[in-house]
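Welcome, and thanks for taking a look at this one. Please open the structure and keep it beside you while you read the notes below.

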Amino acid sequence: MAEQSVVPIEQTLPPKLPIVALTGRPIFPGIFTPIMVGNPTDVRIVDETASGDGYIGLTLIEHEAESPDINDLYRVGTVAKIVKKINLPDGGLNIFISTIKRFKIKKAISPSNPIIAAVSYIEDEEDGTSEVKALTRALISEMKQISENNPLFSEEMRLNMVNIDHPGKIADFITSILNIDKNEQQKILEVANVRKRMEQVLVYIKKEQELLRIQKRIQREINEKIEKSQREYFLKEELKVIKTELGQAADAKSSEYKRIKEKLDSFKFEGEIKETVDQELEKFNLMEPNSAEFIVTRNYLDWIVAMPWLDPPSESFDLSKAAAILESEHYGLNDVKTRIVEYLAVRKLRRDNKGSIICLVGPPGVGKTSVGRSISHALGKRFFRFSVGGMRDEAEIKGHRRTYIGAMPGKIIQGLKVCKVKDPVFMIDEIDKMGASFQGDPSSALLEALDPEQNINFRDHYLDLPFDISRIFFIVTANTLDSIPAPLIDRMEVIDLPGYIDTEKLEIARHYLLPKSLAKNGLKKNQVKYTKESLLHIANGYAREAGVRNFEKNLDKIHRKLAKQIVETEEKKAEDRETPAKPAQFAIDKKAVEKHLGKPIFPEGVYKKADRPGTAIGLAWTSMGGDTLIIEATATPGKEGFTLTGKMGDVMKESATIAMTYARKLALEKYGLAPDWFERNHIHLHIPEGATPKDGPSAGITMAVALLSMLSGRIIAPNIAMTGELSLTGSVLPIGGLKEKTVAAQRNRAKHIIIPKRNLRDLDDIPDLVKKGIEFHPVARFEEALCIALPD
């Protein structure tokens, strides 16, 4: 019987292998391990191989793909022998394999489904030098340190590591258990030289040790923090017990609770307010200070505590003193002053603390906001101002609901907290510039706040408690009433503040603007002297608008230049070591004004004039105050037509059409114009300053007069201005804003103003100073206006 020789397994390995693609990480030679196979193609390969020689190739996927082929795999893998196969219920397999040797794919026999490749086996490149032995000892020593400090390394792993006698296999085993990236493991798998492989593995071990050191340091710091916090907790608990024994508040929360409760008890709440406050206070007492709800509840209670719940003391003021304060702080504005004094007289007579709602309407710069401050001064009350211009959120007025993060009460409740009294003066600026959005309509929210019948129990969304705001004196300001909802206007008493004429601006500058501007720019009161002519020159040449804001800006500009001049002179004297002279004195005349401000914007004597046929001067009302309009009309030979230019609104275009129709009728009847003249001529009506929008019916008679002036070839009477709506039958209908229009006419040096007869009652509201030098001509029919403007 022939002897059978034992052949090493490496010599029986097949030249071609079915390949199973690995997705996790590569598997190294010399390892016995289970793997799961779920892919149907791989299951078929394993089944076929297990019934044959049992060899399969294991290769890591390089390029992720849903159905990988041989081009998606790394070229180096590990051949393994299937030891045991277990079928799983889901159709997959659990196989136990023993890995044997590295291989390299030479060429594809079947590139996919299944992957079969011709392979060549890679032998370890060994050298028996002492350097390899030293590396082997170093690897084992370093890994022992890692395994001792890492509970994830089992005792079995430690024993395997010691029992492996081959240097290459030791490197492979250590690489397979290190927590490194799969691509880095693949690189080590592809290294055939044992020494280089061990050197690379040693580098990864050092990195792992560094990570372990960092991990231990972090763990130590965490443990120290935990021990510190536990120690602080126990000390705090002991401190609480000591404070309780001494009768003191045990912690900050207890003292806060005590403070809030004492304050709330002093208000002596009843009904709904008491019930709500008690519930919130009890909730606050039961909460842990670290909870988010604790901060929300404490803030809510702080707001309630900060509100002025107690009724204010009875008022005591002197009517004559209040009138003197108003007179000293503002020039003119007699309507406003009279209304305020009447209001104070009623309060004193009735001993009533109820508030009032006044709406001050006027162009910018006429002193609406400063009047509000003067009213609070005259009443001796706290003043709070906020602007609602551009406001688009209802919550700004009535507050946010407490369910939102960062919720706050509305402006009214915030103002009461700031003032700390129940009856302050509130100024709500720019009420005509509120908007509406998906977040609500602030003007609608103001309806409740400004209604004397409703604001006794005003309910802010944040507080959600009834609060009496009826004692607040509300002052509202606006440039125009057009954009304010009618129900809101109905709740307010409207007082118009017209613009100022040049003589009024002169007095305002002398008494208020000059002292304020001098102080603002660091100049002494007697250091700068203005002549009357110089101030009038600023008013007429540089600041011809309704208010005095630009007047003040021009004064500031002059004073800044003077301040610069003074400082430069003083610095020069200091450099030359000269004795400082007395403060410089300046006399400002018309020449000095033009030196500092440049040439006038409105040159002297340049006013709007109707000095040729087809022109007329009209009066308009704008949100900036009154203004004058020059209407121009001309006719050119050509096809019949009527052109309108000057950025007119729809109402003004309709008014122009009516004016054209009525002027055509009068031209044919009165001036004997040929009936076919209009068929042979094109008429053009224009209002200069074409970039400025214009609208409204009050220029009706002005446009008709301009057209008839053009048709008759005559110039209208000098220094005359007019305003009035024209009907199709020739009636002159009433207009609004007569006071502002009169101020504009006064600034334009008009001597005669044609007005609708039904506006006669408005003349009583215009101050005598504004009417001085102007003759008013009330008319009921257009023919009357025509006789004044174009007399026969």
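The charged end of K417 lies over the ring of W303, at 4.1 Å from the ring centre. K422 does something similar with F467, where the charged end is 5.6 Å from the centre of the ring. Please keep in mind that this is a predicted model.

**Aromatic rings**

- F467, the ring under the charged end of K422, also belongs to an aromatic cluster with F267, F269 and W309.
- How many aromatic pairs does the structure hold? There are 12 of them.
- F32 and F96 make a stacked pair, because their ring centres are 6.3 Å apart and their planes meet at 20 degrees, under the 30 degrees that stacking calls for.
- This pair ties together parts that are 64 residues apart in sequence, because F32 lies in strand β2 (residues 32-37) and F96 in strand β5 (residues 93-110).
- F32 counts as exposed because its relative accessibility is 54%, while F96, at 23%, counts as partly exposed.
- W677 and F678 form an edge-to-face pair, with 5.1 Å from centre to centre and 85 degrees between the planes.
- Are W677 and F678 buried or exposed? Both of these residues are buried.

**Salt bridges**

- A search of the whole structure turns up 40 salt bridges.
- K381 pairs with D423, and their closest N and O atoms are 2.8 Å apart.
- That bridge links distant parts of the chain, 42 residues apart: K381 is in the loop between α12 (368-379) and β8 (383-387), and D423 is in the loop between α14 (411-419) and β9.
- K381 has 15% relative accessibility, so it counts as buried, and D423 is buried too, at 8%.
- D451 and R491 form another salt bridge, with 3.2 Å between the closest N and O atoms.
- Here the pair ties together parts 40 residues apart in sequence, because D451 sits in the loop between α15 and β10 and R491 in the loop between α16 (486-490) and β13 (493-496).
- D451 is buried at 12% relative accessible area, whereas R491 counts as partly exposed at 22%.
- R102, D124, D172 and R197 are joined in a network of salt bridges.

**Helices α4 and α6**

- Why is helix α4 (residues 167-177) described as largely enclosed by the rest of the structure? Eight of its 11 residues are buried, so the description fits.
- Among the buried residues of α4 are I170, F173 and I174, and D172 is another of them; D172 also takes part in the salt-bridge network with R102, D124 and R197.
- In helix α6, R217 and E221 are four residues apart, which means about one helical turn separates them.
- The side chains of R217 and E221 meet in a salt bridge, at 3.3 Å from N to O.
- Both ends of this bridge are partly exposed: R217 has a relative accessible area of 38%, and E221 has 36%.
- I222 also has its place in helix α6 (residues 194-246), and it counts as partly exposed at 38% relative accessibility.
- Together with L211, I214, I218 and I226, I222 makes a nonpolar surface patch of about 400 Å².

**Backbone details**

- Most residues other than glycine have a negative phi, and most peptide bonds are trans.
- Against that background, the peptide bond joining N113 and P114 is cis, with omega at about -5 degrees.
- P114 is found in the loop between β5 and β6 (115-122).
- E430 has a positive phi of about 55 degrees although it is not a glycine.
- E430 belongs to the loop between β9 (425-429) and α15 (442-449), and its relative accessible area of 27% makes it partly exposed.
- D464 likewise has a positive phi, near 55 degrees, in a residue other than glycine.
- Where is D464 found? D464 is in the loop between β10 (458-459) and β11 (466-467), and it counts as partly exposed at 42% relative accessibility.

**Cysteines**

- A disulfide is a covalent bond between the sulfur atoms of two cysteines.
- The structure holds zero disulfides.
- C359 is buried, with a relative accessible area of 0%, whereas C787 counts as partly exposed at 44%.

How values were computed
Residues are numbered from 1 along each chain as its sequence is written. This is a predicted model: local features need pLDDT of at least 70, side-chain atom pairs count only at pLDDT 80 or more; totals for chains, interfaces and linings use all residues. Side-chain values use heavy atoms; hydrogens and water are left out. Patches are made of residues with over 30% relative accessible area and no salt bridge: like charges are joined within 9 Å, nonpolar side chains (Val, Leu, Ile, Met, Phe, Trp, Tyr) within 5 Å. Accessible areas come from the Shrake-Rupley method with a 1.4 Å probe; for residues, only the protein chains shown count as cover. A salt bridge is a side-chain nitrogen of Lys or Arg within 4 Å of a carboxyl oxygen of Asp or Glu. Helices (H or I, at least four residues) and strands (E, at least two) are DSSP runs, numbered from the N terminus. Buried means under 20% relative accessible area, exposed over 50%, partly exposed in between (1.4 Å probe, protein chains only). Rings of Phe, Tyr and Trp (its six-membered ring) pair if their centres lie within 6.5 Å; planes under 30 degrees apart count as stacked, over 60 as edge-to-face and the rest as tilted. A charge sits over a ring if NZ of Lys or CZ of Arg is within 6 Å of the ring centre and within 35 degrees of the ring normal. A disulfide is a pair of cysteine sulfur atoms within 2.5 Å.
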